[in-house]
Amino acid sequence: MKWKRILAVMGLILLLSLYVIAVISAFSHSPNAKNWLTVSLFCTIVVPIFIYAFQLAWKVWNPKGKDDSKK
């Protein structure tokens, strides 16, 4: 159960950093600001979808919740 909490915190940090990058890029006058904003907003949508898909796949691969590291 501990690794789930660690992954959740890492995902939260990743998403918060993407939001910060999006806000900074929106107000930046750099020529690449539009690209950074687009990429960060895209990742804000795609990363949670991949996390959710991985969780669904994990439930299929490990249906009873067995932890292989306890062997």
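This dialogue covers helix 1, its packing against helix 2, and T44 in a predicted model.

Student: How far apart should the ends of helix 1 be, and how far apart are they?

Tutor: Use the rise of 1.5 Å a residue. Helix 1 covers residues 2-27, so its 26 residues should span 38 Å. The end C-alpha atoms are 38 Å apart, which agrees.

Student: Which residues of helix 1 are buried?

Tutor: First the general idea. An α-helix has 3.6 residues a turn, so residues three or four places apart point the same way. In helix 1 the buried residues are G11, L15, L18, A22 and S25. Helix 2, residues 33-61, is included in what covers them.

Student: How do I read the crossing of helix 1 and helix 2, and what is its hand?

Tutor: Take distance and angle, then hand. The two axes come within 7 Å and cross at roughly 160°. Angles over 145 degrees count as roughly antiparallel, so helix 1 is roughly antiparallel to helix 2. The crossing is left-handed. Helix 1 contributes residues including W3, L14, L15, L18 and Y19 to the contact, and helix 2 residues including W36, L37, L41, T44 and W58. By class, this contact has 16 nonpolar, three polar and no charged residues.

Student: Is T44 buried or exposed?

Tutor: Compare the relative accessible area with the cut-off: buried means under 20%. T44 has 12%, so T44 is buried. This residue lies in helix 2.

Student: What is T44 in contact with, leaving aside its neighbours within four places in sequence?

Tutor: T44 is in contact with L15, L18 and Y19. As for A22, T44 is 22 residues from A22 in sequence and 9.2 Å away in space, C-alpha to C-alpha.

Notes: Residues numbered from 1 in each chain as written. Predicted model: local features only at pLDDT ≥ 70, side-chain atom pairs only at ≥ 80, totals over all residues. Heavy atoms only, no water. Helix = DSSP H or I, 4+ residues; strand = E, 2+ residues; numbered from the N terminus. Expected span 1.5 Å × (residues − 1). Buried < 20%, exposed > 50% of the residue type's maximum accessible area, 1.4 Å probe, protein only. Contact = heavy atoms within 4.5 Å. Axes fitted to C-alpha atoms, helices over the stretch in contact; angles between N-to-C directions. Parallel < 35°, antiparallel > 145°, perpendicular 65-115°, else oblique. Left-handed = near helix turned anticlockwise from the far one by under 90°. Nonpolar A, V, L, I, M, F, W, Y, C, P; charged D, E, K, R; others polar.
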